[in-house]
Amino acid sequence: ATVDGCLGIRGIKVVEGGRDGLFVSMPSRKVGTKYMDYCFPCTSEFKRTFDEAVLEAYRLEMHRTQKQQNGPTMGGMNMKG
């Protein structure tokens with residue numbers, strides 16, 4: 001993710017969270033028996049905005065990839081070989 005064209009963050013994951021659905025997992029490292037985020041939003045407002053942007057980009061990419069895999073259609077008929 002790139003924030004405001006000024007900060008790049010690697011290691012962000014979109015994870016299936018069971019009953020709550022998808023959530024954004026920030027980069028973390030193991031400290032003892034726990035994992036701790038080493039990059040994180042500092043306010044709940046920015047976290048909400050950031051998570052929404054990441055999940056929207058994820059959904060758009062999944063939709064684009066799915067369209068490519070299904071191939072072009074004509075009149076509802078799949079034109080893939």
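The following exchange concerns side-chain pairs in a predicted model.

Author: In this predicted model, local features need pLDDT of at least 70 and side-chain atom pairs count only at pLDDT 80 or more, while totals for chains, interfaces and linings use all residues. Residues are numbered from 1 along each chain as its sequence is written, and side-chain values use heavy atoms, with hydrogens and water left out.

Reader: Why is the aromatic pair of phenylalanine 46 and phenylalanine 50 called tilted?

Author: Rings of Phe, Tyr and Trp (its six-membered ring) pair if their centres lie within 6.5 Å; planes under 30 degrees apart count as stacked, over 60 as edge-to-face and the rest as tilted. Here the centres are 5.9 Å apart and the planes make 40°, so the pair is tilted.

Reader: What makes phenylalanine 50 buried and phenylalanine 46 partly exposed?

Author: Buried means under 20% relative accessible area, exposed over 50%, and partly exposed in between (1.4 Å probe, protein chains only). Phenylalanine 50 has 7% and is therefore buried, whereas phenylalanine 46, at 37%, is partly exposed.

Reader: Why is the contact of lysine 47 with aspartate 51 called a salt bridge?

Author: The term requires a side-chain nitrogen of Lys or Arg within 4 Å of a carboxyl oxygen of Asp or Glu. For lysine 47 and aspartate 51 the N to O distance is 2.7 Å, so the pair qualifies. Aspartate 51 is buried at 14%, while lysine 47 is partly exposed at 35%.

Reader: What makes glutamate 61 and arginine 64 a salt bridge?

Author: Their closest N and O atoms are 2.5 Å apart, so the rule is satisfied. By this rule the count is two salt bridges.
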